[in-house]
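Please open the structure in your viewer and keep the selection tool at hand. This tour proposes what to select at each stop and describes what is found there.

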Amino acid sequence: MVGVADWQGHVQAPAATAAPVGRPLLSMTLASLLDEVHAHSGAVYLLAPREPVLEMVVTAGLPRAFAAPWERVGLSAPIPVADAARERRLIWVNGEEQMAARYPRVAVVLPYPFALAALPLATQHKLYGAVYVTWPGAHPPELSDREREHLSAACDRLALRLERASEEQRPVRPEPDLLAPAAAPTGAGTLGTMEAARMVARLPYGLCALDLHGRLSYANAATAELLGVPASRLLGTQLWASVPWLNDPLYEDRYRAALLSQHVTSFVALRPPGEWLSFRLYPSTNGLSVRISRARAVSEMTRAEPRSGDDAPSLVTISQILSLASALTTAAGVQDVVQLVADEIAPAVGSQALVVLGTQAGRLHVLGHRGYPDAHIVERFDGVPLSAQTPGTHALNSGVPAFFESREQLEHLYPSRSTTPEGMAAWAYLPLIASGRPVGTCVLAYAQPHPFPADERAVLTSLSGLIAQALERALLYDAKFQLAHGLQAALLPHSLPSLPLIEAAARYLPATQGMEIGGDFYDLVPSHGRAVAVIGDVQGHNVTAAGLMGQLRTAVRAYTTVGQAPEEVMRSTNRLLIDLGTDLFASCLYLRLDPAREVAVMSRAGHPPPLLRRPDGNVRVLDLAGGPLLGIDASATYPTTEVSLLPGSVLALYTDGLIESPGVDIEDALADLGRRLAETGDQPLDALADSLVQHGETATRERLDDVALLLLRVRG
């Protein structure tokens, strides 16, 4: 791994008098490398001064725009050149499916058949950058020994030259990108070239030439006629820029696909008002030849009445994939991911049902499913050992998607599936691999037999990488959520004690931001024939606040058990909080209830005042004596106030989350709480507690703070 010392040691800015490297070092090395291994494009990255960032300094073979999203990449970025630099080893990606599985960010933007190798530019002591080169999709699935040797040797030589330049304080000068020159005429002299041009001009279909940037360098008369644009306006412009009805990312995508894969590609486009044209692109290393003709069969098909099955959805485009990726980033929990896959991805690819499987303890488990009318159908996936021979486990263990165009294909490889009919006729089993770790399998099911051409398989594989990353985040979120709620439940009372003359009910609502865990606490403790109630709020709503809350609650209970008076309990708890050395403060309200004498003795430390509802229904705010927040002043005192408690009275103790909200005056909120307590105070105590915490904004708003409520009613 590359540490801070590595990247800070990059070639530094030289003194003003230093002579730069005399020859185009990087571009010459890259051009020679491409020629030696018969690659058709590549780029050199250098490590930026004083930051862990790789900067693209020269490209060859294809325009820089093809790699525009990665002109500057962090060393930690999940792309091949960053991995090669960070891990200081050769990274090999043999095609579009492997790219989608390992580097979904790259596959989303370049979903084409091509192979890629990335290598570090590093000496034994220092990292200088990285290099990548690409081949068309026809390259064998493995690098040959000769290719590996040439790639490694060339990068090692370049790293040594960069090291020497750094030691001599000679900067590497900016160098132009290398694009192949336009093809030279092959006719015999000028006469042959002119005759070839006349011959092409007589053809009934359009022929034009595009350079590597997509600009037209030649167009015959039929091209101008078919496109409806004069040749003078076409030459020197990009086809999709000069012809308005070709201004669609899909058509530019076909040009990029042809150049990067070096495969013939084609598309049809509608020239308004109703003429379909066919475009066929023939790539080479220096540009494209394009044949344009009328696509009569397409025109006739569009005028015909639609037949059953003709309404299948089209393949997901790049823009749709980017939209889906954006949607997946909003998913918080696992069920959010399942719902987004069902709502966004399954319809886009024509799937009628899906199952998302996770892994735990060596088995598959159903995380969610949609589209199956009978949930029992999905149960066969749950608990399947990863060692079982099923399409889902095989896809997950191998990391390779499995596509079955018909039930016959599936049952041929997995005969046991014939005993579990499910009403589906085609399946895509997509392994979900995130951070190099299998997290599950996504099963897309189709109601009719469904062909999976190469481009669709590449898109689905790309989508599986995005789903895997979203699912990994969601699993972590759910685990943290469960941990937080488990911790909160462990620190708060599991139940309130049953007391002879006191009826009690309590509620707790976590904050809706952060880890949904907080420092609010409450307790009810029998004490020497009486009862003690306490409620408090430790600053913050995180694990630290919750841990401190648990300590304070335990301390208050301990001081109460040994018989300390209310003011002594508060002083002891205050000193404990200061002795713990924490930077957090806490508010607290402590009550010693004596129903037999019909009184309560209360002590307050910066906590909101309690409400008292008398038997006649009147409610008043108890203005109690008290002291500062706990944890501020070791010498603070907390005087007590004695309050009369008649049978039928209700005390409402609460934390500030119940009455505080942005834009609402706290006095108005407290008055509103008093009115609600007066109107509904005769209800059973549990119903009253639900009514107070679920009323208005407390239940519906985004809670910035957690809420605790403790209600006490004196029995008659």
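**The lining of the largest cavity**

The lining of the largest cavity consists of 16 nonpolar residues, four polar residues and one charged residue. In this division Ala, Val, Leu, Ile, Met, Phe, Trp, Tyr, Cys and Pro are nonpolar, Asp, Glu, Lys and Arg are charged, and the others, Gly among them, are polar. A cavity is a set of points on a 1 Å grid over the protein atoms alone where a 1.4 Å probe fits but cannot get out, and lining residues have an atom within 4 Å of a point. The volume of the largest cavity is about 240 Å³; a volume is the space filled by probe spheres set on the points, which are joined across faces, edges and corners.

Select Ala67, Trp70, Leu110, Leu116 and Tyr132: of the 21 lining residues, these are the closest to the centre of the largest cavity. Next select β1 (41-47), which gives the most to this lining, with three residues. Among the other elements that supply at least two residues each are β2 (53-60) and α3 (80-87). Helices (H or I, at least four residues) and strands (E, at least two) are DSSP runs, numbered from the N terminus.

**How far to trust the model**

The model is predicted, so local features need pLDDT of at least 70 and side-chain atom pairs count only at pLDDT 80 or more, while totals for chains, interfaces and linings use all residues. Residues are numbered from 1 along each chain as its sequence is written, and side-chain values use heavy atoms, with hydrogens and water left out.

Colour the chain by pLDDT, the predictor's confidence in each residue, from 0 to 100. The mean for the protein chain is 82, and 86% of its residues reach 70 or more. Among the elements, helix α1 (residues 4-8) has the lowest mean pLDDT, 35, and strand β4 (residues 91-93) the highest, 96. Now select residues 181-192, where the pLDDT is below 50. Where pLDDT is low, the predicted coordinates should not be read in detail.

**The second largest cavity**

What lines the second largest cavity? Select Leu210, Leu239, Trp240, Leu246, Tyr251, Tyr255, Phe267, Phe279, Leu281 and Val290. This lining has ten nonpolar residues, no polar and no charged, and the cavity holds about 80 Å³ of space.

Leu210 also leads to a hairpin: Leu210 stands opposite Leu216 in β8. Strands β7 (residues 206-210) and β8 (residues 216-219) pair in the antiparallel sense over three bridges; two strands pair if DSSP finds at least two bridges between them. Five residues lie between the strands of this hairpin, in which Gly214 takes a positive phi near 85°.

**An open sheet and its helices**

Finally, select the open sheet of five strands, whose order is β13-β12-β16-β15-β14, with antiparallel pairing. Its edge strands are β13 (363-370) and β14 (402-404), each of which pairs on one side only. At the β14 edge, select Phe403 and its bridge partner in β15, Ala428.

Add helix α14 (residues 334-349), which packs on the sheet, touching β12 (353-360), β13 and β16 (437-446), with its direction at about 65° to that of β13. Contact means heavy atoms within 4.5 Å. Angles run from 0 to 180 degrees between N-to-C directions, and axes are lines fitted to C-alpha atoms, for helices over the stretch in contact. Conclude with helix α15 (residues 391-398), which lies across β12, β13, β14, β15 and β16 and runs at about 35° to β15.

Conventions:
1 Å grid on protein atoms, 1.4 Å probe; cavity = no way out; pocket = protein on both sides within 12 Å on 5 of 7 lines; lining within 4 Å.
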